[in-house]
Amino acid sequence: RRSRILKLHGSAALPREMSFTKFQDLERRQGAEEAFDEMEQLNIREDRTWVCLYGDNNTGKSKLLAATSNRQNGQLVPTLYVNESLFFTQVKASWETNTEGEVMGVFKLPDLVLWDEFLFYNYMDREWVYERAYALLEYLAEMDKKVVFATNIMNPRRVGEGDAYSVEGRCGKRVWARLRRRNTRFIKMQNKPFF
């Protein structure tokens with residue numbers, strides 16, 4: 001377990017300035033209480049339901065995930081923090097060295113995945129991202145891993161056909177089906193942006 005934690009910590013995309021972030025370091029703003037409570041009370045042994053924190057830019061979603069990552073690692077829970085933009089850039093770079101399997105394989109190690117910048121890419125516009133995101137989420141669902149997403153997309157459900165500004169519209173039907181199958185809880189961070 002300890003070696004899994006160390007390997008995950010080494011491959012995490014957690015920004016250096018957030019590597020030691022704790023809940024007590026964060027400003028708990030009005031409108032973010034539900035998200036804070038959910039992350040502070042996170043217990044993957046009791047609840048494997050997926051969670052999606054969503055809200056405007058700069059409302060503190062990434063820092064909340066960082067504090068969660070640091071706490072869970074401190075409790076010896078194998079945790080992977082992944083930034084979607086950085087991760088899929090790494091996947092694409094791995095094509096040149098034929099190491100994509102190794103890059104994707106990091107998802108086999110954690111019990112908890114913290115997926116930051118979820119839907120940074122519109123999966124419906126990038127088939128290669130869609131295929132890999134679906135495969136990863138299908139694997140995580142089948143292995144009963146806990147996943148917490150953070151996204152700037154402000155509307156979980158599709159408003160109109162082809163709505164590229166909703167989670168459902170950007171992730172596609174198969175990914176959306178996985179989110180629904182896991183009874184994903186969508187929690188809006190309604191606090192004012194920090195800047």
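1. A charge sits over a ring if NZ of Lys or CZ of Arg is within 6 Å of the ring centre and within 35 degrees of the ring normal. In this structure, which is a predicted model, R174 meets that description, lying over the face of Y134 at 4.0 Å from the ring centre. A further case is R29, whose charged end is placed over the ring of F194, at 3.9 Å from its centre.

2. Aromatic rings also meet one another in this model, and the count of aromatic pairs comes to 14. One of them is formed by W50 and F149, whose ring centres are 5.8 Å apart and whose planes stand at 70°, so the pair is edge-to-face, the class for planes over 60 degrees apart. This pair links distant parts of the chain, since W50 belongs to the loop between α2 (33–40) and β1 (51–55), while F149 belongs to strand β4 (residues 146–151), 99 residues apart from W50. Both W50 and F149 are buried.

3. A second aromatic pair worth locating in the structure is that of F88 and W128, which is likewise edge-to-face, with 6.0 Å from centre to centre and 85° between the planes. Here, too, distant parts of the chain are linked, with F88 in helix α4 (residues 84–97) and W128 in helix α6 (residues 127–142), 40 residues apart. F88 has a relative accessibility of 0% and therefore counts as buried.

4. The two pairs just described can be placed in a wider setting, for ring pairs link W50, F87, F88, W95, F107, W115, F118, F120, Y121, Y123, W128 and F149 into a cluster. W50 and F149, on the one hand, and F88 and W128, on the other, are thus among the members of this cluster.

5. How much of strand β2 is covered? The strand, residues 79–83, is mostly covered, with five of its five residues buried. In a regular strand the side chains alternate between the two faces of the sheet. In β2, T79, Y81 and N83 point one way, whereas L80 and V82 point the other way, and all of these residues are buried. Strand β2 is joined to strand β3 (residues 112–116) by five bridges, and the two strands run parallel. Within this pairing, T79 of β2 stands opposite L112 of β3.

6. On the buried side of helix α2, the residues to look for are A35, F36, E38 and M39, which are buried. They cover an arc of only 165° around the axis, and this puts them on the same side of α2. The elements that cover the buried residues of α2 include β1, α3 (61–74), β4 and β5 (185–189).

7. The count of disulfides comes to zero. C52 is in no disulfide, and the nearest cysteine sulfur to its own, that of C171, is 9.4 Å away, whereas a disulfide would need the two sulfur atoms within 2.5 Å. C52 counts as buried because its relative accessibility is 1%. C171 is also in no disulfide, with the sulfur of C52 as the nearest cysteine sulfur at 9.4 Å, and C171 is buried, with a relative accessible area of 0%.

8. Two residues other than glycine deserve a look at their backbone, as each has a positive phi. For E117, phi is near 60°, and this residue is found in the loop between β3 and α6. At 24% relative accessibility, E117 counts as partly exposed. For N183, phi is near 50°, and its place is in the loop between α8 (173–181) and β5. N183 is exposed, with a relative accessible area of 56%.

9. Which residues is R71 in contact with, leaving aside its neighbours within four places in sequence? R71, which lies in helix α3, is in contact with F23 and E40. The C-alpha atoms of R71 and T21 are separated by 8.9 Å, although these two residues are 50 residues apart along the chain. With a relative accessibility of 30%, R71 counts as partly exposed.

How values were computed: Residues are numbered from 1 along each chain as its sequence is written. This is a predicted model: local features need pLDDT of at least 70, side-chain atom pairs count only at pLDDT 80 or more; totals for chains, interfaces and linings use all residues. Side-chain values use heavy atoms; hydrogens and water are left out. Rings of Phe, Tyr and Trp (its six-membered ring) pair if their centres lie within 6.5 Å; planes under 30 degrees apart count as stacked, over 60 as edge-to-face and the rest as tilted. Helices (H or I, at least four residues) and strands (E, at least two) are DSSP runs, numbered from the N terminus. Buried means under 20% relative accessible area, exposed over 50%, partly exposed in between (1.4 Å probe, protein chains only). Two strands pair if DSSP finds at least two bridges between them. The arc is that of the directions from the helix axis to the C-beta atoms. Contact means heavy atoms within 4.5 Å.
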